[in-house]
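Have your viewer ready and a selection box open. We will go from stop to stop, and at each one you will get something to select and a word on what is there.

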Amino acid sequence: MKTKYDWSNVPTRVKFIATDSNGNAYGYEGEFKPYIILDSMFVGGNYVNLNMTISFDDWRDSLEERPNEN
C-alpha cells in the first residue's frame, strides 16, 4: 500500500501525521479531528515533532492515518 509518509521510524503511539505549509511533519496521538488555523497548519490534540520535512503541493492533502499493519 502506498503511503504519503515512511512510517517505519515513527513512534507507534503516533496514529496520524500531518505536514504544515512549511513542510514540517507532526505526529498526532489517538483520534485526531483537525481544524485549520491561519491557513498554514492542522491543529487539534497533542502532537509530536517528527523532525521530518516533506513537500506537498498543498499541505491540506498531507493528513494521513497510520496504515493498518495487517
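**A short walk through the model**

Start by selecting D58 and R60: these two form a salt bridge, with their closest N and O atoms 2.7 Å apart. Keep in mind as you look around that this is a predicted model. Colour the pair by accessibility and you will find D58 partly exposed at 25%, while R60 is partly exposed at 36%.

How many salt bridges does a search of the whole structure find? It finds 2. For the other, select E29 and R13, whose side chains meet at 2.9 Å, N to O. This salt bridge links distant parts of the chain, since E29 sits in strand β2 (residues 24-29) and R13 lies in the segment before β1, 16 residues away. E29 has a relative accessible area of 34%, so it counts as partly exposed; R13, at 45%, is partly exposed too.

Next, hide those side chains and select Y5, W7, V10, V14, I17, A25, V48, L50 and M52. Together these 9 residues make up the largest nonpolar core. Two or more of its residues come from each of β1 (14-19) and β5 (47-53), and β5 gives the largest share, 3 residues.

Stay here and centre on L50. Which residues does it touch, leaving aside neighbours within four places in sequence? L50 is in contact with V10, P11, V14, I17, A25, Y26 and G27.

For the last stop, select F16, Y28, F32 and F42. They are among the 7 residues of a second, separate core.

Technical notes
Residues are numbered from 1 along each chain as its sequence is written. This is a predicted model: local features need pLDDT of at least 70, side-chain atom pairs count only at pLDDT 80 or more; totals for chains, interfaces and linings use all residues. Side-chain values use heavy atoms; hydrogens and water are left out. A nonpolar core is a set of buried Ala, Val, Leu, Ile, Met, Phe, Trp, Tyr and Cys residues joined through side-chain atoms within 4.5 Å. Buried means under 20% relative accessible area, exposed over 50%, partly exposed in between (1.4 Å probe, protein chains only). Helices (H or I, at least four residues) and strands (E, at least two) are DSSP runs, numbered from the N terminus. Contact means heavy atoms within 4.5 Å. A salt bridge is a side-chain nitrogen of Lys or Arg within 4 Å of a carboxyl oxygen of Asp or Glu.
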